[in-house]
Amino acid sequence: MSEVLWNVRLLDLDRGGAATERQAVTIDDGVVSAIGGADGPAPAGARDLGGATLLPGLIDAHCHVLSETDRSPGFGPRPLLHGELPRPAALGHYILAASGALILRSGFTTVRDVGSFDDEASALKLAVDLGVVPGPRILTCGRIVSATAPGGVIFGTMYREADGPWEMRKAVREQLRRGADYIKFMATGARSVVAEDPEPAQMTLEEMTAIVDEAHRMGKRVAAHAEGLAGTRWAIEAGADTIEHGLALHRDPALLDTMAERGTVLVPTLTTFHDLAERFASDFAPPLVEQAKRQLEDALKTVVAARAAGVTLALGYDSGPPGASANELLRLAEAGLSPIDALRTATVGAAAALGRDDLGRIAVGGPADLVAVDGRPDDDLGLLLRQASIIDVWRSGAAVN
Ligand SMILES: [Zn+2]
């Protein structure tokens, strides 16, 4: 079935960000089959978008698909009150379905889930892929491979703890058995766990190398949670494809040069430092809040240094509520990115993080993942946070509205 989107302002984020007015995009079987001029009135059957800006579907490269809604004010069921019956676990599936719909409607057609409880991300992915519920394309890591560490107590089923290179290999194989699209590991501790120091490497270089070798040999990419410099250095040395957070990198410019040379992508997740330092400060242990304030300063410096070094940046929101990932665009703009460069992190940059060069661009032969916006998001990123400005979203050619 063929659909023509008539009179769109096409934003090319692949090459510099030039906009071309009065374009027509044809979709066939979920794929962009033609791009051409749209002069004159819309032909019969075409959808006239009246000059709206057409962007590639946005990508969030660091998302947690969760039925738990603690960090998602305004979304999900109100907290249970004393005296009310406990809620069944199955309620979580409705919350996941609602998240998927919100993410998609917000213009994010792909998310890379970087860790969920009880394999919830895999369940939502399956439901979306089977057409049971609307939602974004989801890439999952299965469970996060971590050394035995305090975070394992807090994050439970989100983690697969392992120690020693051979057990790391087994942990990776288990995630592949689970259907993981890529592997994530904890190169350092987490800033959200009081008992963990995010500064030192939490695994040995030998363990990280085993994880990356096992994943790469099987054709899977690897994401490394990396906060302190020592663990970040080893993760890069071991060959991780993306560095998540990576806030300490400004302290070692040579490492940033290595990332730029190898095409290692940085996912700076500025929002998460902001949230821990400010938005959700009252929910966290005070030492973590103080630490997050310092980390935010570091993360901002790293964004500047990484850009100067030519490192590819990918948007990762790492916060809630679902459907608000565009907030990270504003954070990146505050860190000095132009709106076009910020949009590039959510399209071509995030596509590079995922190893999916077919995504994040509008090209003949590529998936028809598209967002039509009323106005010019390349002048005003805030439009992407206003649902009323998003005219429609297409995921593999299927329109949401
Ligand atoms: Zn995260």
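**Exercise 1. The overall fold**

Among contacts in the protein between residues at least 6 apart in sequence, what percentage join residues at least 24 apart? Describe the protein as a whole as well.

*Solution.* The structure is a predicted model, and every value below was computed from it. Step one is the contact share: of the contacts between residues at least 6 apart in sequence, 69% join residues at least 24 apart. Step two is the inventory of elements, which comprises eleven helices and 16 strands. Step three concerns compactness: the radius of gyration is 21 Å, close to the 21 Å that the globule rule gives for 401 residues, so the protein is as compact as a globular protein of that length. Along its principal axes the C-alpha trace spans about 65 × 55 × 40 Å, and buried residues account for 55% of the 401 residues.

**Exercise 2. The zinc site**

Find which residues coordinate the zinc ion, and work out which parts of the chain the pair His 62 and Asp 318 ties together.

*Solution.* Begin with the donors: His 62 and His 64 each coordinate the zinc ion through NE2, and Asp 318 does so through OD, at 2.1 to 2.4 Å. Written as a sequence pattern, the spacing of these donor residues is H-x1-H-x253-D. Next, place two of them on the fold: His 62 lies in strand S5 (residues 58–63), while Asp 318 sits in the loop between helix H9 (286–309) and helix H10 (327–334), so the pair ties together parts that are 256 residues apart in sequence. Finally, consider accessibility, where both His 62 and Asp 318 turn out to be buried.

**Exercise 3. The sheet that contains S5**

Determine the strand order and the pairing of the three-stranded open sheet to which S5 belongs.

*Solution.* The order is S5-S6-S7, and the pairing is parallel. S5 and strand S7 (137–139) stand at the edges with a single partner strand each, so one side of each is left without a neighbour in the sheet. Neighbouring strands of this sheet are turned by 20° against each other on average, direction ignored. Looking at one pair in detail, S5 is joined to strand S6 (residues 108–113) by four bridges, and Asp 60 has Val 111 in S6 as its bridge partner.

**Exercise 4. Helix H9**

Check whether the length of H9 agrees or disagrees with its number of residues, and then identify what its buried residues pack against.

*Solution.* At 1.5 Å a residue, the 24 residues of H9 should span 34 Å, and the end C-alpha atoms are 35 Å apart, which agrees. The buried residues of this helix include Leu 288, Ala 292, Gln 295, Leu 296, Ala 299 and Val 303. An α-helix has 3.6 residues a turn, so residues three or four places apart point the same way. The partners against which the buried residues of H9 pack are helix H7 (253–262), strand S13 (265–267) and helix H8 (270–279). After H9 comes Gly 310, with a positive phi near 85°.

**Exercise 5. The seven-stranded sheet and Leu 10**

Give the strand order of the seven-stranded sheet, and list the contacts of Leu 10 beyond its neighbours within four places in sequence.

*Solution.* This open sheet has the order S3-S2-S1-S4-S14-S15-S16, with mixed pairing. Its edge strands are strand S3 (31–37) and strand S16 (398–399), each of which pairs on one side only. Strand S1 (residues 2–12) runs antiparallel to strand S2 (residues 18–28), and eight bridges join the two; Ser 2 stands opposite Asp 28 in S2. Leu 10 belongs to strand S1, and with a relative accessibility of 12% it counts as buried. Leaving aside neighbours within four places in sequence, Leu 10 is in contact with Ala 18, Ala 19, Thr 20, Gln 23, Val 25, Ile 35, Leu 54 and Ile 362. For Val 25, which is 15 residues from Leu 10 along the chain, the C-alpha separation is 9.0 Å.

**Exercise 6. Strand S10**

Decide which residues of S10 lie on each of its faces, and whether those faces are covered or uncovered.

*Solution.* In a regular strand the side chains alternate between the two faces of the sheet. In S10, Tyr 182, Lys 184 and Met 186 are on one side and Ile 183 and Phe 185 on the other; all are buried, and both faces are covered. S10 pairs with strand S11 (residues 221–226) in the parallel sense over five bridges, with Met 186 standing opposite His 225 in S11.

Technical notes: Residues numbered from 1 in each chain as written. Predicted model: local features only at pLDDT ≥ 70, side-chain atom pairs only at ≥ 80, totals over all residues. Heavy atoms only, no water. Donors = N, O, S within 2.8 Å, 3.2 Å for Na, K, Ca; no water. Buried < 20%, exposed > 50% of the residue type's maximum accessible area, 1.4 Å probe, protein only. Expected span 1.5 Å × (residues − 1). Contact = heavy atoms within 4.5 Å. Pairing = 2+ DSSP bridges. Axes fitted to C-alpha atoms, helices over the stretch in contact; angles between N-to-C directions. Rg over C-alpha atoms; globule rule 2.2 N^0.38 Å.
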